[in-house]
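Work through the exercises below with the coordinates open. Each one sets a task and then solves it step by step.

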Amino acid sequence: MPAVHICEVGPRDGLQNAHHLMPTEAKKEWLAALAGAGLREIEVGSFVPPKLIPAMADTGEIVAFAKTLPGVKVVALAPNLKGFQRALEAGAHKVTFPVSASHAHSVSNVRMTPDQMVEEVRRCALFPHPGVEIEGAVATAFGCTLQGQVDENEVVRIAAELAGFCDSVALADTVGYANPAQVKRLFGKVRAQIGDKLDGAHFHNTRGLGLANALAAYEADVRSFDSSMGGLGGCPFAPGASGNVITEDLVFMFEAMGVSTGIDFDKLMKARQLLVKGIPEEPIYGHTPLAGLPKGFAAR
Ligand SMILES: [Zn+2]
C-alpha cells in the first residue's frame, strides 16, 4: 500500500483549462500510460454541457475507456443532478461535486449560492447510485479571484454540511491563493469538525506554492492529493502561471522523503511524452522532468 494516494486530475482540470483540444484517441493513449505508471485514481473528465466546455464533450466515451484499465478508480466531475445522472450512465466509480465557499464564485460559476449548491449535491446523494462514491469538494476554500478573502468559518460550515451525505470531502485551492500556514490551519479546523471524512487536497501552482501547500497538508495528516501531469492547464487571470500542482514533482517530493506513492517515475515520463504528443501546442511544466532524478536516487 502506498503511503500517499495521488489522483491525476490533468485529463479533467488540465484539459478543461487548456487552450487546445486533445483528440479523444490521444486521451485514451495518455490515460493508459498514466494507469501503467501506477496511478490508481484518475479524474478523467466532467459532465458539463459540451457547448460550455468542448474539451469535455467526449467524457462519456473516456469514462467507458478508463473503466477498461485494470485497478483504476475512474472519477468524473459533475456540477448538478443532470451531470450526475450522465456520470452514472457512463459508469464512473466516483463523482466529485465542486461546491464553492465563495458566494461570488458560486453564483458566477454555477448560478447558485453555496447553500443552493449544497442542496443540489444532497439531491444527487439521495438519487440511487449503488456502489458509486460521492465526493464534495469545497472549492475556493483558500480565497477567490472575485471576492478576495473567503471566511474560514464558511469553509468549515460547508464541509460539515457535505460530510453529512458525501462519502468524502476535499478542500480545493481553485485559484492558487493558498499558503502553507493557512493550509495547516484550515485542514485542522475542518478535520476537527468532520474527522476522517476529510480526505483530499487540491492545490494549484499559480504562485509556485503548490508543493509547499501539499507538504503542509501532508503534515496536517492529509494522505490524498490531486495533481496534474505537466501542471497542465492554467489560469486566465494569471498569465504564465501553471495549473495544478505538478504530478511529476509531487511524486518526486514524496518518494525522496521516503513516502511511497506507488508510482513508477520512468513510466510517468513515458506518459508525459504521450501528453506532449496529444496536445503539442500546450505549454507544460515540471522541475524534475527537466532536471532528471538525482544521481543514485532510488524510489521507495
Ligand atoms: Zn482545480
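**Exercise 1. List the buried residues of α2, then say what covers them.**

Step 1. In α2, the buried residues (under 20% relative accessible area with a 1.4 Å probe, protein chains only; exposed is over 50%, partly exposed in between) are Ala 26, Lys 27, Lys 28, Trp 30, Leu 31, Ala 33, Leu 34 and Ala 35.

Step 2. Fix the ground rules. This is a predicted model, where local features need pLDDT of at least 70 and side-chain atom pairs count only at pLDDT 80 or more, while totals for chains, interfaces and linings use all residues. Residues are numbered from 1 along each chain as its sequence is written, and side-chain values use heavy atoms, with hydrogens and water left out.

Step 3. Place the helix. α2 spans residues 24–36 and has 13 residues. Helices (H or I, at least four residues) and strands (E, at least two) are DSSP runs, numbered from the N terminus. From first to last C-alpha, α2 reaches 18 Å, close to the expected 18 Å. The expected span is 1.5 Å times one less than the number of residues.

Step 4. Find the cover. It includes β1 (5–8), α1, β2 (41–46), α3 (59–66) and α11 (265–278). Contact here means heavy atoms within 4.5 Å.

Step 5. Look past the end. Gly 38 follows α2, and its phi is positive, near 110°.

**Exercise 2. Identify the protein donors of the zinc ion and their spacing along the chain.**

Step 1. Collect the donors: N, O and S atoms within 2.8 Å of the metal (3.2 Å for Na, K and Ca). Water is not among the atoms, so the site may look incomplete.

Step 2. The protein donors are Asp 13 (OD), His 202 (NE2) and His 204 (NE2), at 2.0 to 2.2 Å from the zinc ion.

Step 3. Their spacing reads D-x188-H-x1-H. Distant parts of the chain are linked: Asp 13 sits in helix α1 (residues 10–17) and His 202 in strand β7 (residues 198–202), 189 residues apart.

Step 4. Check accessibility. Asp 13 is buried at 5% relative accessible area. His 202 is buried too, at 8%.

**Exercise 3. Determine how the buried residues of α7 are arranged around its axis.**

Step 1. Helix α7 covers residues 152–163 and has 12 residues. Its first and last C-alpha atoms are 16 Å apart, close to the 16 Å expected.

Step 2. Its buried residues are Glu 152, Val 155, Val 156, Ile 158, Ala 159, Leu 162 and Ala 163. They cover an arc of only 170° around the axis, so they lie on the same side of α7. The arc is that of the directions from the helix axis to the C-beta atoms.

Step 3. Elements covering these residues include β4 (94–100), α6 (114–126), β5 (133–139), β6 (168–172) and α8 (180–194).

Step 4. Inspect the N-terminal end. Asp 151 caps α7 there, with a side-chain oxygen 3.0 Å from the backbone nitrogen of Asn 153.

**Exercise 4. Is Lys 94 buried or exposed, and what does its side chain contact?**

Step 1. Lys 94 is found in strand β4. It is buried, with a relative accessible area of 6%.

Step 2. Its side chain makes a polar contact with the side chain of Glu 41, at 2.9 Å. A polar contact is a pair of N or O atoms within 3.5 Å; within protein, one must be able to donate a hydrogen and the other to accept it, and residues adjacent in sequence count only if both atoms are side-chain atoms.

Step 3. Not counting residues up to four places away in sequence, Lys 94 touches Glu 41, Lys 73, Val 74, Val 75, Ala 76, Val 132, Glu 133 and Glu 135.

**Exercise 5. Examine the positive phi values of Arg 111 and Asp 221.**

Step 1. Most residues other than glycine have a negative phi.

Step 2. Arg 111 has phi near 55°. It is found in the loop between α5 (103–110) and α6. Arg 111 is exposed, at 72% relative accessible area.

Step 3. Asp 221 has phi near 75°. Its loop runs between α9 (210–219) and β8.

**Exercise 6. Summarise the whole protein.**

Step 1. Count the elements: 12 helices and 8 strands.

Step 2. Of the 300 residues, 57% count as buried.

Step 3. Among contacts between residues at least 6 apart in sequence, 74% join residues at least 24 apart.
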